[in-house]
Amino acid sequence: TNKPSLLVQILNRINNEIVDPSLIQVPSESQFTPYLGFTTPTHSGENIYGFINYVNIIVKSDERDTIRLNDEQIITNTNTLPSLVNESIITDSDYTLLIVELPRIEALYFITQERDDSSPMSAIVYGYENFETYGYAAGLSLPSSQRFITIQPFIMRQLGGQIIKIDLPCQSGSIIIDVVRIKCRYGLSRTLM
């Protein structure tokens, strides 16, 4: 289209079974990014083994062998696909779709490329557990003419009252902040640090 539009994907069937649906926003090519971080959930109670998780990675076809998941190359130097990876050429485009089956655990993942000059990519994370599903875009690039801060992804499971120091790399220049208050949510209560 030549006008602004929103494309979504509805995940409502798994193996021809109707499931609790997920609505996933599909990123446009202008929102592709050079690196992505995402998590997979723990089980929801339907199945003690957890969700069956996947990530769909959309990358330029000639750069498909540069994709790394948690610093491990997805496609080996011999150009063979591991058993948990499927590949499909996206018709009438320069892109390839890599579908990677992930472990059935709650985990943190990073998708990067070997070369700094690689083209941006996109990823959609999704999964199912019996009749429940989830899905989301792993990241978006939202360019702006204003200065913005890039925060490197991290996960913090517990806070014991310790002082936390986080360095935030900026696109240009420097910003000095003495005190920052962060709202954190634990269970049903809210904590202000």
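**Exercise 1. Work out the strand order of the open sheet that holds β9, and find the strands at its edges.**

Start with the order: in this predicted model, four strands, β3-β9-β5-β6, make up an open sheet with antiparallel pairing. Next, look at the ends. β3 (36–40) and β6 (72–73) each have a single partner strand, so one side of each is left without a neighbour in the sheet.

Now check the pairings one by one. β3 and β9 are antiparallel and share 5 bridges, with Thr39 sitting opposite Leu108 of β9. On to β5 (residues 67–69): 3 bridges tie this strand to β9 (residues 107–113), again antiparallel. Pick Arg68 and you'll find Thr112 as its bridge partner in β9.

**Exercise 2. Sort the residues of β9 into a covered face and an uncovered one.**

Begin with the general rule: side chains in a regular strand alternate between the two faces of the sheet. Then walk along the strand. Ala107, Tyr109, Ile111 and Gln113 of β9 fall on the covered face, while Leu108, Phe110 and Thr112 fall on the uncovered one. Hang on to Ile111; that residue comes back in Exercise 4.

**Exercise 3. Do the same strand-order job for the sheet that holds β4 and β8.**

The order here is β7-β8-β4-β10-β11, which gives an open sheet of 5 strands, paired antiparallel. Its edge strands are β7 (85–89) and β11 (132–137), and each of them pairs on one side only. From one strand to the next, the twist averages 15 degrees.

Zoom in on one pair: β4 (residues 52–60) and β8 (residues 95–102) are antiparallel and joined by 8 bridges. Lys60 is opposite Tyr95 in β8.

**Exercise 4. Which residues touch the most other members of the largest nonpolar core, and which strands supply this core?**

Step one: the core has 22 residues, and Phe38, Val55, Ile57 and Ile111 touch the most other members. Step two: at least two core residues come from each of β3, β4, β5, β8, β9 and β10 (122–129).

Step three: take Ile57 and list its contacts, skipping neighbours within four places in sequence. You get Ile67, Ile74, Thr96, Leu97, Leu98, Val100, Ile111, Met121, Ser122 and Ala123.

Last step: don't stop at one core. There's a second, separate core of 9 residues, and Ile14, Val19, Tyr126 and Tyr128 are among them.

**Exercise 5. Is Thr96 buried or exposed, and which side chain makes a polar contact with the Thr96 side chain?**

First, place the residue: Thr96 is part of strand β8. Then look at accessibility. Thr96 counts as buried because its relative accessible area is 0%, and the cut-off for buried is under 20%. Now the polar side: the side chains of Thr96 and Ser61 are joined by a polar contact of 2.7 Å.

Finally, collect what Thr96 touches, leaving out residues up to four places away in sequence: Ile57, Ile58, Val59, Ser61, Arg64, Glu87, Ser88, Ile89 and Ile90.

**Exercise 6. Sum up the whole chain in a few numbers.**

Count the elements: the protein chain has 13 strands and 0 helices. Of its 193 residues, 31% are buried. For contacts between residues at least 6 apart in sequence, 67% link residues at least 24 apart. As for the surface, about 13400 Å² is accessible, and carbon and sulfur atoms account for 52% of that.

Key:
Residues are numbered from 1 along each chain as its sequence is written. This is a predicted model: local features need pLDDT of at least 70, side-chain atom pairs count only at pLDDT 80 or more; totals for chains, interfaces and linings use all residues. Side-chain values use heavy atoms; hydrogens and water are left out. Two strands pair if DSSP finds at least two bridges between them. Axes are lines fitted to C-alpha atoms, for helices over the stretch in contact, and angles run from 0 to 180 degrees between N-to-C directions. A nonpolar core is a set of buried Ala, Val, Leu, Ile, Met, Phe, Trp, Tyr and Cys residues joined through side-chain atoms within 4.5 Å. Buried means under 20% relative accessible area, exposed over 50%, partly exposed in between (1.4 Å probe, protein chains only). Contact means heavy atoms within 4.5 Å. Accessible areas come from the Shrake-Rupley method with a 1.4 Å probe; for residues, only the protein chains shown count as cover. A polar contact is a pair of N or O atoms within 3.5 Å; within protein, one must be able to donate a hydrogen and the other to accept it, and residues adjacent in sequence count only if both atoms are side-chain atoms.
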